[in-house]
Amino acid sequence: MVYRVGYFVGSLSKDSINRVLSKALVKLAPDDLELTEIPIGDLPLFNRDDEMDPPQAVTELKRAIEAAQAILIITPEYNRSIPGPLKNALDWASRPYGQNSFDHVPAAVIGASPGNIGTALAQQSVRGVLSFCNARQMTSPEAYIKFDPEVYGTDGEVTDEGTRAILTTFMQEFRTHIERVLTVLPRA
Ligand code: FNR
């Protein structure tokens, strides 16, 4: 059994440390997780006037989430909250009313920052949104990553054993969480 996981990177920067983190997580994930990025950079700004007849990029976003069996969000923290591009994607995916793409999806949140709290407040904000959107979140372990560039290669190799262990455990626990949720009731 392979589980299909769609992941979001909450930064559009070409130098994103969260993109580096995403590569590390893909490398360290258990073999039976198939991770595919769900891109958010080409989405228009959310406008509820367009919900019922959304632009193509939005339709593709919703299809990608619905085709996944679980969702992983890897995000920076901007001004102690969710980066705009990510919040925009979450809002599009949650709509229109009654067609929320996150309904019952197993989900996890992680993020990296150069600062000491390692995106804790952004992750709390994302959790609040996912909670309202009725996703089945992994609540433990949490992972607030203070990003040290010396620990990561650009392709996501992790040179520090302790960091590698934390990220590996996070992904193993996420895999168990996905199995637990989907065993109770598979996603339709
Ligand atoms: C930041 N940064 C930041 N860091 C943090 O730990 N808490 C914060 O609230 C903020 N706020 C913030 C706002 C804005 C607009 C920017 C551009 C940056 C710094 C941030 O963690 C750093 O730029 C990271 O490198 C951003 O992640 P990516 O884009 O490299 O993945």
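This briefing covers the fold, the cores and some single residues of one protein chain. The model is predicted. The protein chain has five helices and six strands. Its radius of gyration is 16 Å, which agrees with the value near 16 Å for a compact globule of 188 residues. Two separate nonpolar cores are described below, one of 31 residues and a second of 25 residues.

**Overall fold**

- Along the sequence, the elements of the protein chain run β-α-β-α-β-α-β-α-β-β-α.
- The C-alpha trace spans about 50 × 35 × 25 Å along its principal axes.
- Contacts reach far along the chain: among those between residues at least 6 apart in sequence, 81% join residues at least 24 apart.

**Surface and charge**

- Buried residues make up 48% of the 188 in the protein chain.
- The accessible surface comes to about 9,600 Å². Carbon and sulfur atoms account for 51% of that surface.
- The protein chain carries 18 positive and 24 negative side chains. The centres of these two sets lie 3 Å apart.

**Nonpolar cores**

- The largest nonpolar core holds 31 residues. Leu21, Leu72, Ile110, Tyr152 and Leu167 touch the most other members.
- Two or more residues of this core come from each of β1 (3-9), α1 (17-28), β2 (33-37), β3 (70-74), β4 (106-113) and α5 (161-184).
- Helix α5 gives the most to this core, with six residues.
- A second core of 25 residues is separate, and includes Phe8, Leu61, Ile82 and Leu86.
- Tyr152, one of the residues that touch the most other members of the largest core, has contacts beyond four places in sequence with Val20, Leu21, Ala24, Ile145, Phe147, Glu157, Val158, Thr163 and Leu167.

**Tyrosine 7**

- Tyrosine 7 sits in strand β1.
- Tyrosine 7 has a relative accessible area of 11%, so it counts as buried, the cut-off being under 20%.
- Beyond four places in sequence, tyrosine 7 touches Ser22, Val26, Leu35, Thr36, Glu37, Ile38, Leu72 and Ile74.
- Isoleucine 65 is 58 residues away from tyrosine 7 along the chain, yet their C-alpha atoms are separated by 9.0 Å.

**Threonine 75**

- Threonine 75 is in the loop between β3 and α3.
- Threonine 75 is buried, because its relative accessible area is 0%.
- Its contacts, leaving aside residues up to four places away in sequence, are Gly10, Asn18, Pro83, Leu86, Ile110, Gly111, Ala112, Thr119 and Val126.
- Two of the names in that list recur in the cores: Ile110 belongs to the largest core, and Leu86 belongs to the second.
- Threonine 75 and serine 16 are 59 residues apart along the chain, with C-alpha atoms separated by 9.8 Å.

**Asparagine 47**

- Asparagine 47 lies in the loop between β2 and α2 (56-67).
- With a relative accessible area of 31%, asparagine 47 is partly exposed.
- Asparagine 47 and lysine 14 are 33 residues apart in sequence, and 26 Å apart from C-alpha to C-alpha.

**Backbone exceptions**

- Most residues other than glycine have a negative phi, and most peptide bonds are trans. The cases below depart from that.
- Arginine 95 and proline 96 are joined by a cis peptide bond, with omega about -5°. Proline 96 is in the loop between α3 (84-93) and β4.
- Serine 140 and proline 141 are also joined by a cis peptide bond, with omega about 5°. Proline 141 is in the loop between β5 (136-137) and β6 (144-146).
- Arginine 80 has a positive phi, near 65°. Arginine 80 lies in the loop between β3 and α3. Arginine 80 is exposed, with a relative accessible area of 53%.
- Asparagine 134 has a positive phi, near 65°. Asparagine 134 is in the loop between α4 (120-132) and β5. Its relative accessible area is 26%, so asparagine 134 is partly exposed.

Methods
Residues are numbered from 1 along each chain as its sequence is written. This is a predicted model: local features need pLDDT of at least 70, side-chain atom pairs count only at pLDDT 80 or more; totals for chains, interfaces and linings use all residues. Side-chain values use heavy atoms; hydrogens and water are left out. A nonpolar core is a set of buried Ala, Val, Leu, Ile, Met, Phe, Trp, Tyr and Cys residues joined through side-chain atoms within 4.5 Å. Buried means under 20% relative accessible area, exposed over 50%, partly exposed in between (1.4 Å probe, protein chains only). Helices (H or I, at least four residues) and strands (E, at least two) are DSSP runs, numbered from the N terminus. Contact means heavy atoms within 4.5 Å. The radius of gyration is taken over C-alpha atoms; the globule rule is 2.2 Å times the number of residues to the power 0.38. Accessible areas come from the Shrake-Rupley method with a 1.4 Å probe; for residues, only the protein chains shown count as cover. Lys and Arg count as positive and Asp and Glu as negative; His and the chain ends are not counted. The place of a charge is taken as NZ of Lys, CZ of Arg, CG of Asp or CD of Glu.
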